[in-house]
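Trainee: Please give me a close look at one part of this model, the place where the metal ligands are held. A few words on the surroundings before that would help.

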Amino acid sequence: MKKPQSDKSQAAWPQGGRVDALAGLPDRGACVRAVAEQAGPGRRPLAVLWLNIDRFKQINDSFGHLAGDGLLAEIVHRLERAGTRGRLARMGADEFVLLVPDCGPGRAEALARDLLDAIGQPLEIGSLRLRPSASIGIALSSPAEGPHALLERADRAMLDAKHLGGGQCVFAGEVLPSGRSGKHLAREELAVEEVLHRALETGGLSLDYQPILRVADAGLEGVEALMRCRVDGALVPPARFIPVAEKTGLIVRLGEWSLLTATRFASRLIAQGRPVRVAVNVSRAQLTAPKFSQALHAALACSDAPAGAIELEITESLFMDRSEVVQHNLHAALEAGFSLAIDDFGTGYSCLAVLKDLPAGKLKLDRAFVSGLPEDRRSYSVARAVVRLALDLGMSVVAEGVETAAQHEALCEAGVTAIQGFHLARPMAEAALEAWLIARSAP
Ligand code: C2E
Ligand code: MG
Ligand code: MG
């Protein structure tokens with residue numbers, strides 16, 4: 001058995017720990033023995049932080065193993081600098097454990113956040129600037145538990161953190177929604193991820209607002225907030241960055257930013273004497289997070305806007321998610337006074353009968369049923385049937401993506417209550433929307 005190299009983190013490891021050639025760290029066996037020595041009856045609590053690098057396989061596949069090895073070495077370096085209070089071991093290719101003796105939950109969480117910050121610093125691989133991230137599971141020892149069970153709890157918590165989208169820490173035993181693990185990012189998507197980080201840091205995110213007009217009196221039903229991402233002067237379309245943000249879990253941060261920015265805008269419009277309901281798109285990762293209602297309340301508290309000024313747009317398939325956390329979040333939002341709209345209706349393949357069970361006051365008919373109008377009579381029939389049913393159930397119906405006067409006319413005939421589309425108004429920046437509102441109210 002090789003002796004551990006002289007390294008500050010290894011000096012206190014039990015004898016017999018093999019040294020990993022790449023990282024120069026004690027291995028799994030040494031880690032288990034260290035846990036057995038440090039945890040157990042009469043011992044102070046030991047915190048186990050199990051860390052796995054997010055999307056390491058994709059980085060390896062995209063850039064080659066040499067780049068992967070370089071990334072690992074740099075991450076170990078960062079972990080050693082940020083985790084000096086603990087002892088680091090390597091459990092597998094991109095898995096590490098930090099053992100922190102005499103450590104309660106508060107310190108463990110603070111330490112995990114420091115580690116995530118350290119890992120998340122940008123890194124150059126070839127011509128690409130990467131932003132690594134990791135998922136951390138935390139388990140605290142209990143007297144009757146053996147080392148394997150303790151490590152296993154930390155490992156499972158790490159997987160829960162991954163399911164939540166990665167880039168975060170989770171305590172063992174925290175109740176979690178079903179996740180999105182196993183999603184892979186291609187090289188192109190890694191580049192978009194980096195663009196998103198830069199946009200977040202450099203103020204490159206903004207919201208455009210698109211007016212939605214009522215059919216009955218041409219009055220303003222509300223505006224929809226649509227995220228825009230601009231880096232180095234170039235606009236990245238939502239169709240490119242939203243899917244990547246969803247895969248990486250960044251959508252939660254972006255979504256919270258979007259919610260807060262839109263709520264502040266709604267508050268400003270109220271202060272100007274022009275109250276307008278602002279609709280905000282909510283993604284699956286937001287709605288499946290246990291802290292969703294906290295984010296809603298935080299947005300209201302930070303902007304001083306009433307919940308009634310905000311509508312949450314949620315896709316049909318997400319409404320259909322019967323998981324406890326989603327149903328709880330939907331009802332908590334309603335109870336807090338937010339209104340709910342079913343976005344992109346008709347694309348989720350659910351049967352019309354489900355409409356009666358959805359707690360939404362508005363249905364947004366997807367553009368797929370609009371683009372063929374007025375010639376496509378089948379689309380027209382479906383649109384008319386959906387509208388009738390929704391109206392009978394007490395919902396209002398907005399048609400999305402209306403581009404022509406002929407489409408507008410056909411949809412009015414089908415009975416929709418409001419229209420959104422380039423034909424009436426394009427999405428516009430805050431200042432342009434304010435000018436638009438002023439121009440409309442001018443005599
Ligand atoms: P969505 O929620 O269905 O938003 C409507 C989309 O239709 C917007 O695209 C809007 O610009 C576009 N649109 C409006 N009128 C017309 C029209 O007449 N013709 C055509 N061809 N398109 C029209 P955009 O801004 O590119 O956003 C695309 C999607 O990205 C949104 O679809 C939404 O799902 C997502 N998204 C945008 N902002 C956010 C956000 O803040 N959070 C989340 N989670 N998703 C967002
Ligand atoms: Mg929408
Ligand atoms: Mg839509």
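Mentor: With ring centres required to lie within 6.5 Å, the count comes to 1 aromatic pair in what is a predicted model. Two arginines also sit over rings. The charged end of Arg377 is placed over the ring of Tyr380, at 4.5 Å from its centre, and Arg426 lies over the face of Phe422, 3.9 Å from the ring centre.

Now to the metals. Start with the magnesium ion (ligand 2). Its coordinating atoms come from Glu224 (OE), Asn281 (OD1), Glu313 (OE) and Asp343 (OD), at 2.0 to 2.2 Å. Read along the sequence, these donor residues have the spacing E-x56-N-x31-E-x29-D. Distant parts of the chain are linked here: Glu224 belongs to strand β9 (residues 220-231) and Asn281 to strand β11 (residues 278-281), 57 residues apart. The two differ in class of exposure. Glu224 has 4% relative accessibility, so Glu224 falls under the 20% limit and counts as buried. Asn281 has a relative accessible area of 28%, and is therefore partly exposed, a class that lies between 20% and 50%.

The magnesium ion (ligand 3) has its own set of protein donors: Asp343 (OD), Asp344 (OD) and two from Glu400, each listed as OE, lying 2.0 to 2.7 Å from the ion. Along the chain, the spacing of these donors is D-D-x55-E. Here too the donors join distant parts of the chain, with Asp343 in strand β13 (residues 339-345) and Glu400 in the loop between β15 (396-399) and α14 (405-414), 57 residues apart. Both Asp343 and Glu400 are buried.

What ties the two sites together is Asp343, which coordinates both the magnesium ion (ligand 2) and the magnesium ion (ligand 3). The two ions are 3.7 Å apart.

One helix pair can be added for the wider fold. Helix α10 (residues 292-303) and helix α12 (residues 324-336) have axes that come within 9 Å and cross at roughly 25°. Angles under 35 degrees count as roughly parallel, and therefore α10 and α12 are roughly parallel to each other. The crossing of α10 past α12 is right-handed.

Terms used. Residues numbered from 1 in each chain as written. Chains lettered and ligands numbered in written order. Predicted model: local features only at pLDDT ≥ 70, side-chain atom pairs only at ≥ 80, totals over all residues. Heavy atoms only, no water. Phe/Tyr/Trp six-rings, centres within 6.5 Å; stacked < 30°, edge-to-face > 60°. Lys NZ or Arg CZ within 6 Å of the ring centre and 35° of its normal. Donors = N, O, S within 2.8 Å, 3.2 Å for Na, K, Ca; no water. Helix = DSSP H or I, 4+ residues; strand = E, 2+ residues; numbered from the N terminus. Buried < 20%, exposed > 50% of the residue type's maximum accessible area, 1.4 Å probe, protein only. Axes fitted to C-alpha atoms, helices over the stretch in contact; angles between N-to-C directions. Parallel < 35°, antiparallel > 145°, perpendicular 65-115°, else oblique. Left-handed = near helix turned anticlockwise from the far one by under 90°.
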